[in-house]
Amino acid sequence: GDRWRDLIGHLNKESTNKMKLSCCKQEIMFQYTYPRLDVNVSKGLNHLLKSPFCIHPKTGRVCVPIDIEKLDEFSPFNVPLVSDLCSELEKCVVDSTDGRTRKADWRRTSLRKHVDVFERFLQPME
């Protein structure tokens with residue numbers, strides 16, 4: 001904060017270089033706030049998660065849509081892991097209430113709430 005105020009104060013002073021420095025403030029703000037693009041990340045298929053519900057190759061985390069209304073609550077460390085989903089599906093088959101085995105259902109996993117977010121996002125497009 002102090003450095004920025006000092007810079008703005010300096011730029012606002014009368015000087016012969018005022019014309020040269022007139023765009024300085026905007027250029028600095030642009031450099032620090034504009035998203036940076038990494039060529040390798042942008043073009044590499046293995047660098048970027050490009051679609052919902054794909055799996056990160058190193059972490060095993062599922063790429064999930066983010067609920068905008070709960071943005072402050074989102075943590076990338078709380079998304080489902082593919083190994084956890086597999087365990088949840090296996091448990092789903094075994095834990096039937098009547099003792100019979102039943103078909104595994106993704107709706108009974110931690111992925112359900114993320115699919116619901118995605119479906120709400122898609123609804124206006126139908």
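How many helices and strands are there in the chain? Colour the model by secondary structure and count along with me: the chain has six helices and zero strands. Following the sequence from start to end, you will read the pattern α-α-α-α-α-α. Keep in mind as you look around that this is a predicted model.

**Stop 1: confidence colours**

Switch the colouring to pLDDT. The average for the chain is 79, and 70% of the residues score at least 70. Now select residues 18-21: this is helix H2, whose mean pLDDT of 64 is the lowest among the elements of the chain. Next select residues 112-122, which form helix H6; here the mean pLDDT is the highest, at 92.

**Stop 2: the whole chain**

Zoom out and turn on the surface. The chain has 126 residues, and 16% of them count as buried. If you display contacts between residues at least 6 apart in sequence, 26% of these join residues at least 24 apart.

**Stop 3: the aromatic rings**

Which residues do ring pairs link into a cluster? Select Phe53, Phe118 and Phe121, and show their side chains: these are the three in the cluster. The structure holds two aromatic pairs.

Begin with Phe53 and Phe118. Their ring centres are 5.6 Å apart and their planes meet at 85 degrees, an edge-to-face arrangement. Trace the backbone from each ring: Phe53 sits in the loop between helix H4 (39-43) and helix H5 (82-94), while Phe118 belongs to helix H6, so this pair ties together parts that are 65 residues apart in sequence.

Are these two rings buried or exposed? Each falls in between: Phe53 is partly exposed, at 26% relative accessibility, and Phe118 is partly exposed too, with a relative accessible area of 23%.

Now move from Phe118 to Phe121. This pair is stacked, because the ring centres lie 6.4 Å apart with the planes at 20 degrees, and planes under 30 degrees apart count as stacked. Look along helix H6 and you will find Phe118 and Phe121 three residues apart, a separation of about one helical turn.

**Stop 4: the largest pocket**

For the last stop, select Asp67, Lys70, Phe74, Lys113 and His114. These are the residues nearest the centre of the largest pocket, among the 13 that line this pocket. Its volume is about 340 Å³. What kinds of residue make up the lining of the largest pocket? Colour the lining by residue type and you will see five nonpolar, three polar and five charged residues.

Notes:
Residues are numbered from 1 along each chain as its sequence is written. This is a predicted model: local features need pLDDT of at least 70, side-chain atom pairs count only at pLDDT 80 or more; totals for chains, interfaces and linings use all residues. Side-chain values use heavy atoms; hydrogens and water are left out. On a 1 Å grid over the protein atoms alone, a cavity is a set of points where a 1.4 Å probe fits but cannot get out, and a pocket is an open set with protein on both sides within 12 Å along at least five of seven lines; lining residues have an atom within 4 Å of a point. Grid points are joined across faces, edges and corners, and a volume is the space filled by probe spheres set on the points. Ala, Val, Leu, Ile, Met, Phe, Trp, Tyr, Cys and Pro count as nonpolar, Asp, Glu, Lys and Arg as charged, and the others, Gly among them, as polar. pLDDT is the predictor's confidence in each residue, from 0 to 100. Helices (H or I, at least four residues) and strands (E, at least two) are DSSP runs, numbered from the N terminus. Rings of Phe, Tyr and Trp (its six-membered ring) pair if their centres lie within 6.5 Å; planes under 30 degrees apart count as stacked, over 60 as edge-to-face and the rest as tilted. Buried means under 20% relative accessible area, exposed over 50%, partly exposed in between (1.4 Å probe, protein chains only). Contact means heavy atoms within 4.5 Å.
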